[in-house]
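Subject: Handing over a structure

Hi,

I am passing a structure on to you, and I hope you enjoy looking through it. Please open it first, and then read my notes below alongside it.

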Amino acid sequence: MASNLPMSPQLEQIHGEIRDHFRALANGFQRLDKIKDSTRQSKQLEELTEKMRECKRLVKEFDRELKDEEARNSPEVNKQLNDEKQSMIKELNSYVALRKTYMSTLGNKKVELLDMGAGVSGEPTAEENVQVASSMSNQQLVDAGLQRMDETDQAIERSKQVVEQTIEVGTQTAANLKGQTDQMGRVVNHLDTIQFSIKKASQLVKEIGRQVATDKCIMMFLFLIVCGVIAIIIVKIVNPNNKDIRDIPGLAPPAQSRKLLYLRNQDYMGR
């Protein structure tokens with residue numbers, strides 16, 4: 001009956017995709033009954049959950065298109081399309097309840113579309129979910145299903161944000177560590193330069209010390225020579241007749257010798 005509904009090409013395409021996903025879900029749950037390994041069952045359930053999320057997105061898109069075309073359709077056509085939408089939501093919720101059964105069997109307790117909410121002790125069973133779904137009106141089923149799927153999407157988005165923040169913190173930490181490593185390398189290079197400068201300064205100080213010691217020896221030697229010359233001069237002045245001390249070259253003879261030399265010169269000139 002659904003294929004005979006009057007739909008626009010856009011609605012017909014979305015409707016076809018939803019039906020394709022429903023067929024894939026039905027086949028997936030049939031294969032799930034044949035899987036005995038719990039790990040493979042969990043993986044299969046994850047794949048089916050992704051298909052359910054895609055169905056939920058398509059149902060929302062179908063609802064938006066339906067509201068956009070509502071003014072152009074007759075009331076009878078709008079009623080038929082709304083009934084088809086609610087039928088698809090019911091079918092999607094039935095798969096959600098079926099998934100709940102398998103998840104309970106695997107011991108994995110998660111919040112589902114038909115969760116009873118706060119105030120109820122324990123997780124509702126699959127039979128309770130089916131009973132609740134049967135007692136709810138179509139609009140309530142739509143609202144409950146969309147609300148729970150929105151909560152699931154929000155939880156996924158929060159998980160993605162946590163992962164992105166973790167990656168960002170890790171990147172910043174790596175950058176900080178790299179900067180600190182580079183800074184430590186520069187500090188080590190500066191320390192090597194300072195150590196080299198200290199060695200050069202130590203060698204320079206030793207060289208200056210040796211030069212100063214040499215200069216002191218030379219000055220001391222010259223001082224001794226000057227003191228000896230002065231001593232000889234003093235002795236010659238005090239005791240000019242002392243023949244044990246030779247005259248110093250370039251130094252004038254004592255006064256008495258100069259007087260005798262003067263008299264000899266006068267006598268020679270008188271002759």
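A good place to begin is a group of charged side chains: Lys-56, Lys-60, Asp-150 and Asp-153 are linked in a network of salt bridges. Please keep in mind as you read on that this is a predicted model.

Within that network, Asp-153 and Lys-56 meet through their side chains in a salt bridge, at 2.3 Å from N to O. Asp-153 belongs to helix α5 and Lys-56 to helix α2, so this pair ties together parts that are 97 residues apart in sequence. How exposed or buried are the two partners? Lys-56 has 4% relative accessibility, so it counts as buried. Asp-153 is partly exposed, with a relative accessible area of 28%.

**The overall picture**

Stepping back, the protein chain has six helices and zero strands. Read from the N terminus, its elements run α-α-α-α-α-α. The chain has 271 residues, and buried residues make up 23% of them. Its accessible surface comes to about 19,600 Å², and 57% of that belongs to carbon and sulfur atoms. If you look at contacts with a separation of 6 or more, residues 24 or more positions apart account for 65% of them. The count of salt bridges comes to 14.

**Helix α2**

Lys-56 sits in helix α2, and there is plenty more to see in this helix. Helix α2 covers residues 38-69, which is 32 residues. From its first C-alpha to its last it reaches 46 Å, close to the 46 Å expected at 1.5 Å a residue. At the start of α2, look for Asp-37: one of its side-chain oxygens comes to within 3.3 Å of the backbone nitrogen of Thr-39.

Further along is another salt bridge, where the side chains of Arg-57 and Glu-61 meet at 3.2 Å, N to O. These two are four residues apart in helix α2, so about one helical turn separates them. Arg-57 is partly exposed, with a relative accessible area of 39%.

Glu-69 is also in helix α2. Is Glu-69 buried or exposed? Its relative accessible area is 7%, under the 20% cut-off, so Glu-69 is buried. Setting aside neighbours within four places in sequence, Glu-69 is in contact with Ser-8, Leu-11 and Asn-78. Met-7 is worth finding as well: it is 62 residues from Glu-69 in sequence, while their C-alpha atoms are 9.4 Å apart in space.

**From α2 to α3**

Thr-49 is a residue in helix α2, and it is buried at 10% relative accessibility. What does its side chain meet? One partner is the backbone oxygen of Leu-45, which lies 2.7 Å from a polar atom of the Thr-49 side chain. Another is Arg-99, whose side chain is joined to that of Thr-49 by a polar contact of 2.5 Å. Arg-99 lies in helix α3, residues 75-106. With 8% relative accessibility, Arg-99 counts as buried too.

Helix α3 has a salt bridge of its own to look at. Lys-79 pairs with Asp-83, and their closest N and O atoms are 3.2 Å apart. Both residues lie in helix α3, four residues apart, or about one turn of the helix. Lys-79 is partly exposed at 49% relative accessibility, and Asp-83 is partly exposed at 37%.

**A nonpolar patch**

Finally, please turn to the surface. Ile-218, Met-219, Phe-221, Leu-222, Ile-225 and Val-229 form a nonpolar patch there, and together they have about 570 Å² of accessible area. Met-219, one of these residues, is placed in helix α5, which runs over residues 138-238. Is Met-219 exposed or buried? Its relative accessible area is 56%, over the 50% cut-off, so Met-219 is exposed.

If you want a short route through the model, try the salt-bridge network of Lys-56, Lys-60, Asp-150 and Asp-153, then the contact between Arg-99 and Thr-49, and then the nonpolar patch that includes Met-219.

Happy exploring, and best wishes

Conventions
Residues are numbered from 1 along each chain as its sequence is written. This is a predicted model: local features need pLDDT of at least 70, side-chain atom pairs count only at pLDDT 80 or more; totals for chains, interfaces and linings use all residues. Side-chain values use heavy atoms; hydrogens and water are left out. Buried means under 20% relative accessible area, exposed over 50%, partly exposed in between (1.4 Å probe, protein chains only). A polar contact is a pair of N or O atoms within 3.5 Å; within protein, one must be able to donate a hydrogen and the other to accept it, and residues adjacent in sequence count only if both atoms are side-chain atoms. The expected span of a helix is 1.5 Å times one less than its number of residues. Contact means heavy atoms within 4.5 Å. Patches are made of residues with over 30% relative accessible area and no salt bridge: like charges are joined within 9 Å, nonpolar side chains (Val, Leu, Ile, Met, Phe, Trp, Tyr) within 5 Å. Accessible areas come from the Shrake-Rupley method with a 1.4 Å probe; for residues, only the protein chains shown count as cover. A salt bridge is a side-chain nitrogen of Lys or Arg within 4 Å of a carboxyl oxygen of Asp or Glu.
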